[in-house]
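User: I would like to learn how to read a pocket and a nonpolar core from a model. Could you take me through the general ideas and then the case at hand?

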Amino acid sequence: KLARVMGIHRNTLHSYLKQNNVSYKYNIISDANLDHAVREFRQMKPNSGVHYLTGHLRQLGLQV
């Protein structure tokens, strides 16, 4: 869909992503495990927003 929006072929997009070491894959994680990770973060940083949460998940090695 992104390639279509950009007006390029999906293979071209894939090539650019690979050349620039951009990961576009997501981790497979159960809802329960993701909920647990989010809950732990919210306990440590209750006033933090979604950007901090996303950074924390990345720090854990998760791409969601």
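**Reading the pocket and the core**

Analyst: The residues lining the largest pocket divide into five nonpolar, one polar and three charged, where Ala, Val, Leu, Ile, Met, Phe, Trp, Tyr, Cys and Pro count as nonpolar, Asp, Glu, Lys and Arg as charged, and the others, Gly among them, as polar. This is a predicted model, in which local features need pLDDT of at least 70 and side-chain atom pairs count only at pLDDT 80 or more, while totals for chains, interfaces and linings use all residues. Residues are numbered from 1 along each chain as its sequence is written, and side-chain values use heavy atoms, with hydrogens and water left out.

User: Which helix supplies the largest share of the lining of the largest pocket?

Analyst: Helices are DSSP runs (H or I, at least four residues), numbered from the N terminus. Here α2 gives the largest share, four residues, and α1 (2-6) and α2 (10-19) each supply at least two.

User: Which residues form the largest nonpolar core?

Analyst: In soluble globular proteins, nonpolar side chains tend to be buried together. A nonpolar core is a set of buried (under 20% relative accessible area, 1.4 Å probe, protein chains only) Ala, Val, Leu, Ile, Met, Phe, Trp, Tyr and Cys residues joined through side-chain atoms within 4.5 Å. In this model the largest one has five residues, Ala37, Phe41, Leu53, Leu57 and Leu62, with α3 (31-44) and α4 (50-59) each supplying at least two of them.

User: What share of the 64 residues counts as buried?

Analyst: Of the 64 residues of the protein, the buried share is 16%.

Definitions and conventions. Buried < 20%, exposed > 50% of the residue type's maximum accessible area, 1.4 Å probe, protein only.
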